[in-house]
Amino acid sequence: DHVVVGRDAPILDGARLGDPGLGSAVDPQGRRRLFPHFERVRIADRAVIGTNTVIQRGALNPTTIGERTHISANCMIGHNCRIGANVHLAAGAVLGGSAKLGDWCFIGLGCCIRDGVELAQGVTVGMNATVARSCLEPNATLMAQPARELGGMFGAKRG
């Protein structure tokens with residue numbers, strides 16, 4: 001009921017799509033309360049969703065996966081995320097709720113992208129990096145713990 005899948009978009013074995021996220025807020029009495037997730041997961045044409053990947057439905061906005069995006073095995077996509085077209089998430093990547101990835105991003109093996117972080121078009125994130133802040137510089141390369149910008153594609157500054 002909560003998932004819309006485009007044409008030619010394979011969903012591999014074990015993937016879980018459209019479960020509610022665990023977004024929450026603290027009430028006036030100091031208790032943590034989950035808030036409802038009414039939105040959907042929208043997967044565009046020719047996207048690929050890998051084995052055992054989890055994609056949570058949105059609370060405030062749909063969780064969207066762009067055209068020709070490839071999400072490898074064992075990835076976790078939190079609620080309200082927006083992933084552009086032609087993005088590649090390598091195995092084990094984790095996106096916190098409301099993260100936004102521009103078109104043509106490459107997210108390396110085992111990366112963690114914090115909730116609410118936004119990455120510009122063409123950003124490359126090296127293997128096992130933790131991205132805690134947005135990077136709005138197109139084609140930047142982020143590596144290390146915590147991730148920091150090293151320059152353009154794979155560290156080479158473009159002229």
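## Cysteines

A disulfide is a pair of cysteine sulfur atoms within 2.5 Å, and by this rule the count in this predicted model comes to 0. The sulfur of Cys75 has its closest cysteine sulfur in Cys111, at 9.7 Å, which is too far for a bond. For Cys81 the closest cysteine sulfur is that of Cys75, and the 12 Å between them is again too far for a bond.

Cys75 and Cys81 can also be described by their accessibility. Cys75 counts as buried, at 2% relative accessibility, and Cys81 counts as buried at 0%.

## Two parallel sheets

One open sheet is formed by 6 strands in the order β1-β5-β8-β11-β14-β17, with parallel pairing. Its edges are occupied by β1 (3–5) and β17 (118–119), each of which has a single partner strand, so one side of each is left without a neighbour in the sheet. Strand β14 (residues 100–101) runs parallel to β17 and is joined to it by 2 bridges; within this pair, Leu101 stands opposite Leu119.

Another open sheet, likewise described by parallel pairing, has 6 strands in the order β2-β7-β10-β13-β16-β19. Here the edge strands are β2 (16–20) and β19 (130–131), each pairing on one side only. Inside the order, β10 (residues 76–77) and β13 (residues 94–95) run parallel and are joined by 2 bridges, and the bridge partner of Met76 in β13 is Val94.

## The nonpolar core around Leu119

In soluble globular proteins, nonpolar side chains tend to be buried together. In this model the largest nonpolar core has 33 residues, of which Leu89, Leu101, Ile107 and Leu119 touch the most other members. Leu101 and Leu119, both named in that group, are also the residues that stand opposite each other between β14 and β17.

The surroundings of Leu119 can be listed once its neighbours within four places in sequence are left aside: the residues in contact with Leu119 are then Lys100, Leu101, Gly102, Cys105, Ile107, Ile113, Val125, Val131, Cys135 and Leu142. Among these contacts are Leu101 and Ile107, which belong, with Leu119, to the residues that touch the most other core members.

## A buried asparagine in a loop

Asn80 lies in the loop between β10 and β11 (82–83), and at 8% relative accessibility Asn80 counts as buried. The side chain of Asn80 reaches the backbone nitrogen of Leu60 at 3.2 Å, and a polar atom of this side chain also lies 3.3 Å from the backbone nitrogen of Asn61.

When neighbours within four places in sequence are set aside, Asn80 is in contact with Arg57, Gly58, Ala59, Leu60, Asn61, Pro62 and Thr63, and also with Ser98 and Ala99. Leu60 and Asn61, whose backbone nitrogens are reached by the Asn80 side chain, are thus included in this list of contacts.

## Salt bridges

Side chains of opposite charge can pair when their charged atoms come close. A search of the whole structure finds 7 salt bridges. In one of them the side chains of Arg46 and Glu67 meet, with 3.0 Å from N to O; this pair links distant parts of the chain, since Arg46 is in the loop between β5 (41–43) and β6 (48–49), whereas Glu67 is in the loop between β8 (63–65) and β9 (70–71), 21 residues apart. Arg46 counts as partly exposed at 34% relative accessibility, and Glu67 is partly exposed as well, with a relative accessible area of 31%.

Glu67 also meets the side chain of Arg68 in a salt bridge, at 3.1 Å from N to O, and Arg68 counts as partly exposed, at 40% relative accessibility. Elsewhere, the side chains of Arg114 and Asp115 form a salt bridge of 3.5 Å, N to O, with Asp115 partly exposed at 45% relative accessibility. Asp27, Arg31 and Arg33 are linked in a network of salt bridges.

## His70 in strand β9

His70 lies in strand β9 and counts as partly exposed, at 33% relative accessibility. The C-alpha atom of His70 is separated by 6.5 Å from that of Ile49, although the two residues are 21 residues apart along the chain. Not counting residues up to four places away in sequence, His70 touches Val48, Val87, His88 and Leu89; Leu89 is one of the residues that touch the most other members of the largest nonpolar core.

Notes
Residues numbered from 1 in each chain as written. Predicted model: local features only at pLDDT ≥ 70, side-chain atom pairs only at ≥ 80, totals over all residues. Heavy atoms only, no water. Salt bridge = Lys/Arg side-chain N within 4 Å of Asp/Glu carboxyl O. Helix = DSSP H or I, 4+ residues; strand = E, 2+ residues; numbered from the N terminus. Buried < 20%, exposed > 50% of the residue type's maximum accessible area, 1.4 Å probe, protein only. Pairing = 2+ DSSP bridges. Core = buried A, V, L, I, M, F, W, Y, C linked by side-chain atoms within 4.5 Å. Contact = heavy atoms within 4.5 Å. Polar contact = N/O pair within 3.5 Å; in protein donor to acceptor, adjacent residues only side chain to side chain.
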